[in-house]
Amino acid sequence: MKKLLVMMATLLLAGFLAAQDKDAVLGKWQNPSGEGRVEISKRDGKYFGKLYWLKEPNDESGKPKLDVKNPDESLRKRQIQGLEILKDFDAKDKGVYENGTIYDPKSGKTYSCKMTLKGEKLDIRGYVGVSLLGRTESWTRVK
């Protein structure tokens with residue numbers, strides 16, 4: 001009986017630690033150019049990222065930058081700062097998040113995306129079709 005309890009406790013602890021590992025991506029991240037910062041959060045078991053800070057949040061006239069390149073005309077009046085640009089990621093293997101999308105407000109395009117956590121770096125790979133046809137950026141965790 002004692003062995004069974006120890007084994008059950010070990011399995012529960014392993015499951016808890018695995019869940020924590022998957023959440024290691026949560027937090028604030030800065031893109032390589034330093035122009036923007038994204039906060040990654042979890043909702044309903046999926047991971048999302050909101051553009052919470054911009055180095056230059058306003059346009060030349062001093063007004064907040066808007067999502068003017070969005071292909072959906074009804075969304076062009078929303079502010080870029082505060083946009084959810086990472087959506088619907090599933091945690092896969094340790095440090096790998098797949099099946100999500102990334103929105104680029106500079107171009108108005110949405111790409112398939114894969115994220116790979118490597119310590120304090122987060123590789124963001126946006127692509128069209130297959131991952132080979134894409135581009136990777138390494139984001140840095142904001143302390």
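Buried means under 20% relative accessible area, exposed means over 50%, and partly exposed lies in between, with a 1.4 Å probe and protein chains only. By that rule aspartate 123 is buried, with a relative accessible area of 14%.

This is a predicted model: local features need pLDDT of at least 70, side-chain atom pairs count only at pLDDT 80 or more, and totals for chains, interfaces and linings use all residues. Residues are numbered from 1 along each chain as its sequence is written, and side-chain values use heavy atoms, with hydrogens and water left out.

**Two aspartates**

Aspartate 123 sits in strand 7. Helices (H or I, at least four residues) and strands (E, at least two) are DSSP runs, numbered from the N terminus. The side chains of aspartate 123 and lysine 118 are joined by a polar contact of 3.0 Å. A polar contact is a pair of N or O atoms within 3.5 Å; within protein, one must be able to donate a hydrogen and the other to accept it, and residues adjacent in sequence count only if both atoms are side-chain atoms. Not counting residues up to four places away in sequence, aspartate 123 touches Lys114, Met115, Thr116, Lys118, Thr136, Glu137 and Ser138. Contact here means heavy atoms within 4.5 Å.

Aspartate 67 belongs to the loop between strand 3 and strand 4. Its relative accessibility is 0%, so aspartate 67 counts as buried. Which side chain makes a polar contact of 2.5 Å with aspartate 67? The partner is tyrosine 103. Leaving aside neighbours within four places in sequence, aspartate 67 is in contact with Leu75, Arg76, Arg78, Ile80, Leu83, Tyr103 and Pro105.

**Salt bridges**

A salt bridge is a side-chain nitrogen of Lys or Arg within 4 Å of a carboxyl oxygen of Asp or Glu. The count comes to 10 salt bridges. Three of them are tabulated below, with the distance between the closest N and O atoms.

| Lysine | Acidic partner | Closest N and O atoms |
|---|---|---|
| Lysine 42 | Aspartate 23 | 3.1 Å |
| Lysine 114 | Glutamate 98 | 3.8 Å |
| Lysine 143 | Glutamate 120 | 3.0 Å |

Take the pair of lysine 42 and aspartate 23, with closest N and O atoms 3.1 Å apart. Lysine 42 lies in strand 2 (residues 36-43) and aspartate 23 in the loop between helix 1 (2-22) and strand 1 (27-30), so the pair ties together parts that are 19 residues apart in sequence. Lysine 42 is partly exposed, at a relative accessible area of 40%. Aspartate 23 is partly exposed too, at 26%.

Next comes the salt bridge of lysine 114 with glutamate 98. Lysine 114 is in strand 6 (residues 109-118) and glutamate 98 in strand 5 (residues 96-104), so this pair ties together parts that are 16 residues apart in sequence. Lysine 114 is partly exposed at 28% relative accessibility. Glutamate 98 is partly exposed at 27%.

Lysine 143 bridges to glutamate 120. This pair links distant parts of the chain, 23 residues apart: lysine 143 is in the segment after strand 8 (134-141), and glutamate 120 is in the loop between strand 6 and strand 7 (121-127). Salt bridges that share partners join Glu120, Arg141 and Lys143 into one network. Is lysine 143 buried or exposed? Lysine 143 is exposed, with a relative accessible area of 82%. Glutamate 120 is partly exposed at 38% relative accessibility.

**The nonpolar core**

In soluble globular proteins, nonpolar side chains tend to be buried together. A nonpolar core is a set of buried Ala, Val, Leu, Ile, Met, Phe, Trp, Tyr and Cys residues joined through side-chain atoms within 4.5 Å. The largest such core here has 21 residues; Ile40, Ile85, Leu86, Met115, Leu122 and Trp139 touch the most other members. Strand 2, strand 3 (46-54), strand 4 (84-91), strand 5, strand 6 and strand 7 each give two or more residues to this core. Beyond four places in sequence, leucine 86 touches Val38, Ile40, Phe48, Gly49, Thr101, Ile102, Met115 and Trp139.

Phenylalanine 89 is found in strand 4. Phenylalanine 89 is buried, with a relative accessible area of 0%. The C-alpha atoms of phenylalanine 89 and tyrosine 47 are separated by 4.8 Å, though the two residues are 42 apart along the chain. Contacts of phenylalanine 89 beyond four places in sequence include Tyr47, Tyr97, Glu98, Cys113 and Lys114.
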